Amino acid sequence: MIPLFLKPRPQDLCPQNGPYPSLRFKNEESELRSPSEKGDAEVFPIVESRVLATAVKQFKVTAPEIARKRKPGQFIVLRTHEEGERIPLTIADADPEAGTITLIFQEVGKSTAHLGTLSSGDSLLDLIGPLGHPTHIEKFGTVACIGGGIGIAPVYPIARGMHDAGNRVLAIIGARTKNLLILEEEMSKVADFLRVCTDDGSYGYPGFVSDALQDILDQGTQIDLVVAIGPVPMMRVVCNLTRNRNLKTIVSLNPIMVDATGMCGACRVSVGGRTRFVCVDGPEFDGHEVNFAELVKRQRAYLPQEKKSMETFQHAQGACLGGKP
Amino acid sequence: MAEPPEKKKREAIPRQKMLEQEARARAKNFDEVPFGYNPDLAKLEASRCLQCKKPACVKDCPVSIDIPSFIWMILQNDFLGAARKLKEMNSLPAVCGRVCPQEDQCEKMCVLGKKGEPVAIGRLERFAADYERKHGEFVMPPKASPSGKKVAVVGSGPAGLTVAGDLIKKGHQVTIFEALHKAGGVLVYGIPEFRLPKAIVQAEVDYLQNVGVEIKTNQVIGQISTVDELMAAGYDAAFLGTGAGLPTFMNIPGENLNGVYSANEYLTRSNLMKAYLFPQYDTPIAQGKKVAVLGGGNVAMDSARTAIRLGAEDVYIVYRRSKKELPARIEEVHHAEEEGIQFHFLTLPVQLLGNDEGWVYGMECQKMELGEPDQSGRRRPIPIPGSEFKIDVDLVIVAIGTGANPLIQSTTPDLKTNKWGYIIADPETGATSKKGVYAGGDIVTGSATVILAMGAGRQAADAIHKYLSE
């Protein structure tokens with residue numbers, strides 16, 4: 001059992017100011033803001049928070065309607081505070097009876113780092129979903145479910161759905177190193193066969209998930225469908241491997257999004273030479289048709305701004321924690 | 001009682017201008033451009049109105065505001081009365097006073113316009129609404145006794161807000177479902193702060209809530225609930241005013257390069273997500289030095305004027321026809337010109353050029369000439385062979401219109417749509433192919449104006465009321 005996340009949060013240390021005092025800029029807009037701005041606002045309490053691996057956290061959030069409605073493969077968008085971004089995250093699991101959904105995220109930038117400062121007892125400001133098309137689940141036969149790094153989070157509900165639909169599930173999950181690996185126990189429960197890999201060989205099979213897949217294919221194992229989710233280079237390598245064998249491969253994409261309802265087009269990708277919107281046409285596509293090179297470039301569009309945002313955040317956090325950045 | 005001035009004297013009064021921020025200063029800030037009339041200017045302008053017995057202006061107002069009456073009240077110093085008169089027919093006067101194309105509607109019909117300049121109806125509307133917001137107290141409008149009927153309004157843009165405002169006064173229980181985290185639709189995500197301050201939209205939304213409308217944000221209908229599920233959950237009627245929420249691209253090579261935005265994305269980042277205040281707000285926006293905006297409508301002008309405020313050195317409007325055909329309001333074009341926006345007319349982008357990192361650095365264009373008028377009555381642009389040329393740009397904003405968002409239509413099988421995916425609705429009533437379900441605004445007509453969406457909302461509200469009363 002992984003212990004509850006007990007790191008002191010900045011708001012615990014600066015109670016008079018609330019979270020990140022120096023990030024709360026006053027401006028005319030916030031002066032004019034009325035309490036009703038969010039309409040008849042719902043709140044979304046975090047009822048459980050856990051650290052799954054280094055910088056990887058899991059929240060259970062109360063959202064009864066989404067918990068009831070969501071299907072594997074779908075995602076939500078959340079906001080943590082009024083000045084915050086709209087953050088898309090896959091729904092890793094849901095408990096319709098308890099009315100909760102499970103979200104898993106890695107702290108990679110300012111917004112996810114800020115999200116990571118929240119824990120049980122806190123609430124999300126906004127939660128929108130479920131979004132995107134659900135995974136097409138039926139009895140295919142043998143399905144290889146491959147998750148790399150944080151991509152194991154979106155693969156897990158799909159593996160579970162495939163398992164429940166009567167498929168034989170071959171699961172391959174991997175991370176850079178042992179302490180970044182998540183959901184091994186959960187995956188083992190829904191997989192008929194589980195191979196765990198680490199890039200550095202610190203745990204399980206030494207090598208990439210694509211190496212493990214290659215092994216399995218070389219052994220002559222019959223696979224009817226591959227679902228691969230993870231960093232773009234990983235998905236690209238897996239797709240190159242399966243393309244030669246004419247083995248259908250579904251990938252789930254995570255481009256930059258803003259509204260995530262089809263309105264802005266930030267998430268456009270080229271699939272089979274056509275521009276598609278990941279938020280309303282996806283998030284899953286035939287991996288053999290996706291232009292991964294373009295996707296990688298589009299994901300990097302705001303690197304300078306993300307760096308600046310993170311520095312401002314860390315500076316504010318450092319100032320609050322006693323001046324040490 | 002103030003009397004209008006003598007005919008001679010009155011005819012000598014020119015149409016009053018609003019004071020506004022100086023162009024060079026305002027191109028560096030997001031504050032609203034015009035300051036609006038003060039009471040003296042408003043009364044002077046109001047005194048120009050002839051108080052026609054058969055006012056032509058009212059006929060061309062999509063929501064049939066009693067224009068002579070509210071202007072008369074301004075002249076009588078009864079500014080709050082004027083605002084209430086406006087609100088009888090128009091739930092969003094402060095918005096319409098700013099963004100309506102009055103020059104094509106009420107003011108176009110004004111008798112004074114035949115010889116000289118029409119009465120500045122829009123500016124007077126804006127004045128009265130602003131005065132009420134600043135000085136008036138909330139007055140609960142007369143409401144019919146509760147009907148016991150529930151109406152779901154999908155979308156909180158101009159159409160949805162109008163339907164909600166009308167039906168709540170008729171005694172129905174109204175819930176608005178908004179997909180984004182903030183209510184207001186295009187008024188919040190699309191139209192920039194310098195043209196429509198968000199505090200004004202918020203005041204209108206607050207007003208509706210005070211009157212009793214329930215607003216649920218973060219609700220993507222078609223996903224969290226389908227229209228059928230809403231009806232099954234006890235709503236007696238539904239209005240779909242979801243807007244034209246799907247950006248159109250040119251389908252030319254290079255459109256997926258970094259630094260190429262749809263106008264929807266560019267404006268949503270800046271307006272809804274407040275990216276112009278980055279890093280105070282977390283959402284970033286690319287700041288180009290040389291920005292090309294493709295298209296010639298109001299959204300193109302809004303995008304170009306946002307780009308210049310975000311620090312661009314050169315901003316070009318690239319439009320394939322000539323200045324005469326620009327669909328944007330004259331006032332917006334004029335403001336853009338004043339702020340230093342450059343216009344490339346009769347120019348068609350054919351390809352966007354990108355560097356190794358996938359960022360746009362240039363644009364290949366072709367010169368056009370105008371041929372015979374097409375179906376829209378505008379002269380068709382025809383490419384001139386051999387006229388290709390290149391423009392250096394590091395940001396491109398595609399503002400050529402929007403299509404129909406598929407989320408509701410694809411989950412409501414018995415809702416009929418046309419070949420472009422827009423919902424088919426009766427132009428008089430907004431009734432769709434589905435019983436009890438009405439629609440209006442851009443999701444029916446394609447990209448149009450705030451006031452036309454409000455007009456459609458008004459008609460649909462009347463039809464829904466009739467349907468619920470049967």
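**Notebook: two chains of a predicted model**

I began with Asn77(B), which at 47% relative accessibility counts as partly exposed, and I note at once that the model I am reading is a predicted one. Asn77(B) has its place in the loop between α5 (67-75) and α6 (79-89) of chain B, and its phi is positive, about 75°, although the residue is not a glycine.

**Entry on positive phi and Lys43(B)**

I then looked up Gln51(B), another residue other than glycine with a positive phi, here near 55°. Gln51(B) sits in the loop between α3 and α4 (56-59) of chain B, and I recorded it as partly exposed because its relative accessible area is 26%, which falls between the 20% and 50% cut-offs.

From that loop I stepped back into helix α3 (residues 39-46), where I found Lys43(B). Lys43(B) brought me back to the starting residue: leaving out residues up to four places away in sequence, it touches Asn77(B), and also Ile74(B), Leu75(B) and Phe79(B). The relative accessible area of Lys43(B) is 24%, so I entered it as partly exposed. I also took one distance from Lys43(B), to Leu230(B): the two are 187 residues apart in sequence, and their C-alpha atoms are 49 Å apart in space.

**Entry on the nonpolar cores**

Which members of the largest nonpolar core touch the most other members? I listed Ile67(B), Phe70(B), Ile71(B), Ile74(B), Leu124(B), Leu187(B) and Ile464(B), out of 78 residues in that core. The element that gives the most to this core is helix α19 (residues 450-469) of chain B, with 9 residues. A second, separate core has 58 residues, and among them I noted Val77(A), Cys197(A), Val232(A) and Cys267(A). In soluble globular proteins, nonpolar side chains tend to be buried together.

I followed Phe70(B) a little further. With residues up to four places away in sequence set aside, its contacts are Ile65(B), Ala82(B), Lys85(B), Leu86(B), Ile121(B), Leu124(B) and Glu125(B).

**Entry on Arg26(B)**

Is Arg26(B) buried or exposed? Its relative accessible area is 0%, and therefore I recorded this arginine, which belongs to helix α2 (residues 23-26) of chain B, as buried. Beyond its neighbours within four places in sequence, Arg26(B) is in contact with Glu20(B), Gln21(B), Val33(B), Arg305(B), Arg309(B), His335(B), Glu338(B) and Glu339(B). I also checked Ile308(B), which is 282 residues away along the chain, and found the C-alpha atoms of Arg26(B) and Ile308(B) separated by 9.9 Å.

**Entry on chain B as a whole**

I counted 19 helices and 18 strands in chain B. The radius of gyration of the chain is 23 Å, close to the 23 Å given by the globule rule for 470 residues, so I can call chain B as compact as a globular protein of that length. Its C-alpha trace spans about 65 × 65 × 50 Å along the principal axes. Buried residues make up 60% of chain B, and of its contacts with a separation of 6 or more, 69% are between residues 24 or more positions apart. The chain exposes about 19,000 Å², with 53% of that supplied by carbon and sulfur atoms. For the charges I noted 56 positive and 57 negative side chains, the centres of the two sets lying 5 Å apart.

**Entry on chain A**

Chain A, with 325 residues of which 55% count as buried, has 11 helices and 16 strands. Its accessible surface comes to about 13,800 Å², and carbon and sulfur atoms hold 51% of this. Of the contacts in chain A with a separation of 6 or more, 66% are between residues 24 or more positions apart.

Where did I find cis peptide bonds in chain A? One runs from Gly129(A) to Pro130(A), with omega near -5°, and Pro130(A) lies in strand β7 (residues 126-131). Another joins Gly282(A) and Pro283(A), with omega about 10°, and Pro283(A) is placed in the loop between α9 (278-281) and β16 (284-286).

I closed with two serines. Ser210(A), in helix α7 (residues 209-218), counts as buried at 9% relative accessibility, and apart from residues up to four places away in sequence it touches Val237(A), Val238(A) and Leu241(A). Ser309(A), in helix α11 (residues 303-320), counts as buried at 6%. Its contacts, neighbours within four places in sequence left aside, are Lys110(A) together with Phe278(B) and Asp282(B).

Key. Residues numbered from 1 in each chain as written. Chains lettered and ligands numbered in written order. Predicted model: local features only at pLDDT ≥ 70, side-chain atom pairs only at ≥ 80, totals over all residues. Heavy atoms only, no water. Helix = DSSP H or I, 4+ residues; strand = E, 2+ residues; numbered from the N terminus. Rg over C-alpha atoms; globule rule 2.2 N^0.38 Å. Buried < 20%, exposed > 50% of the residue type's maximum accessible area, 1.4 Å probe, protein only. Contact = heavy atoms within 4.5 Å. Areas by Shrake-Rupley, 256 points an atom, 1.4 Å probe, with all protein chains shown as cover. Lys, Arg positive; Asp, Glu negative; His and termini not counted. Charge placed at Lys NZ, Arg CZ, Asp CG, Glu CD. Core = buried A, V, L, I, M, F, W, Y, C linked by side-chain atoms within 4.5 Å.
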